[in-house]
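Open your viewer and get your selection tool ready. We will walk through this model stop by stop, and at each one you will hear what to select and what to look for.

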Amino acid sequence: MFYENDYIYIEREDSQVPWLKIFTKEAYKELSDCPHALQKELFEKILLCEKALIEFYKPDKINIASFANYVPRVHFHIMARFKHDAFFPECMWGKQQREVKNLNLPEFEDFVSFLKIKLD
């Protein structure tokens, strides 16, 4: 976890692509179970993360997903996608399309520093 406030926390998914996960601090099963203030906070942070990924990494596409089947808690995945990543155009849970060892992207830790300025 590299960010938290009263409502949510954000962590990294270890992946070839830059991938963030935003969780509610309280365990709500469905988005509609969340209080309005939490829904607002989630969407504000999702959009902020999306814009930061676009500005920092200049991806070909952003993917945002929320399944919560394995982890029955409200959370969202925000991923920067590239035409030359191993799964594109499939989702990151889909069938791998090619072997890619390194996307030669800026360090994720540098992105975290960039993002934290925007989150505060």
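This tour visits strands, a nonpolar core, aromatic rings and salt bridges in what is a predicted model.

**Stop 1: strand E5**

Begin by selecting strand E5, residues 75-81. Is this strand enclosed or open? Seven of the seven residues of E5 are buried, so the strand is largely enclosed by the rest of the structure. Colour its two faces separately if you like: His-75, His-77, Met-79 and Arg-81 lie on one side, with Phe-76, Ile-78 and Ala-80 on the other, and both faces are covered.

Now add the strands that pair with E5. Strand E3 runs antiparallel to E5, and five bridges join the two. To find one place where they meet, select Trp-19 together with Met-79, its bridge partner in E5. Strand E4 (61-65) is also antiparallel to E5, again over five bridges. Here, pick Ile-62 and its bridge partner Ala-80.

**Stop 2: the largest nonpolar core**

Next, select Phe-2, Ile-10, Leu-20, Ile-22, Leu-53, Phe-111 and Leu-115. In the largest nonpolar core, which has 35 residues, these are the ones that touch the most other members. Which elements give two or more residues to this core? They are E2, E3, H1, E4, E5 and helix H2 (108-119). H1 supplies the largest share, with seven residues.

Stay here a moment and centre the view on Ile-10. Beyond its neighbours within four places in sequence, Ile-10 has contacts that include Met-1, Phe-2 and Tyr-3, as well as Leu-20, Ile-22, Cys-49 and Leu-119.

**Stop 3: the aromatic rings**

Across the whole structure there are eleven aromatic pairs. For one of them, select Phe-111 and Phe-114: their ring centres are 6.4 Å apart and their planes meet at 40 degrees, which makes the pair tilted. Both residues lie in helix H2, three residues apart, or about one turn of the helix. Turn on a surface to compare their surroundings: Phe-111 is buried at 0% relative accessibility, while Phe-114 is partly exposed at 22%.

Widen the selection to Phe-2, Phe-56, Tyr-57, Phe-108, Phe-111 and Phe-114, and you have a cluster linked by ring pairs. From this cluster, zoom in on Phe-108 and show Arg-12 too. The charged end of Arg-12 sits over the ring of Phe-108, 4.2 Å from its centre.

**Stop 4: the salt bridges**

The structure holds eight salt bridges. Start with Lys-21, a buried residue with a relative accessible area of 11%. What does its side chain meet? One partner is Glu-11, in a salt bridge of 3.3 Å from N to O. Lys-21 is in strand E3 and Glu-11 in strand E2 (residues 8-12), so the pair ties together parts ten residues apart in sequence. Lys-21 also forms a salt bridge with Glu-13, where the closest N and O atoms are 2.7 Å apart. Glu-13 is partly exposed, at 24% relative accessible area. Through shared partners, Glu-11, Glu-13 and Lys-21 join into one network.

For the last selection, choose Glu-4 and Lys-25, a salt bridge whose closest N and O atoms are 2.7 Å apart. This pair links distant parts of the chain, 21 residues apart: Glu-4 belongs to strand E1 (residues 3-4), and Lys-25 to the loop between strand E3 (19-24) and helix H1 (36-57). Both residues are partly exposed, with relative accessible areas of 44% for Glu-4 and 33% for Lys-25.

Technical notes. Residues numbered from 1 in each chain as written. Predicted model: local features only at pLDDT ≥ 70, side-chain atom pairs only at ≥ 80, totals over all residues. Heavy atoms only, no water. Salt bridge = Lys/Arg side-chain N within 4 Å of Asp/Glu carboxyl O. Helix = DSSP H or I, 4+ residues; strand = E, 2+ residues; numbered from the N terminus. Buried < 20%, exposed > 50% of the residue type's maximum accessible area, 1.4 Å probe, protein only. Core = buried A, V, L, I, M, F, W, Y, C linked by side-chain atoms within 4.5 Å. Contact = heavy atoms within 4.5 Å. Phe/Tyr/Trp six-rings, centres within 6.5 Å; stacked < 30°, edge-to-face > 60°. Lys NZ or Arg CZ within 6 Å of the ring centre and 35° of its normal. Pairing = 2+ DSSP bridges.
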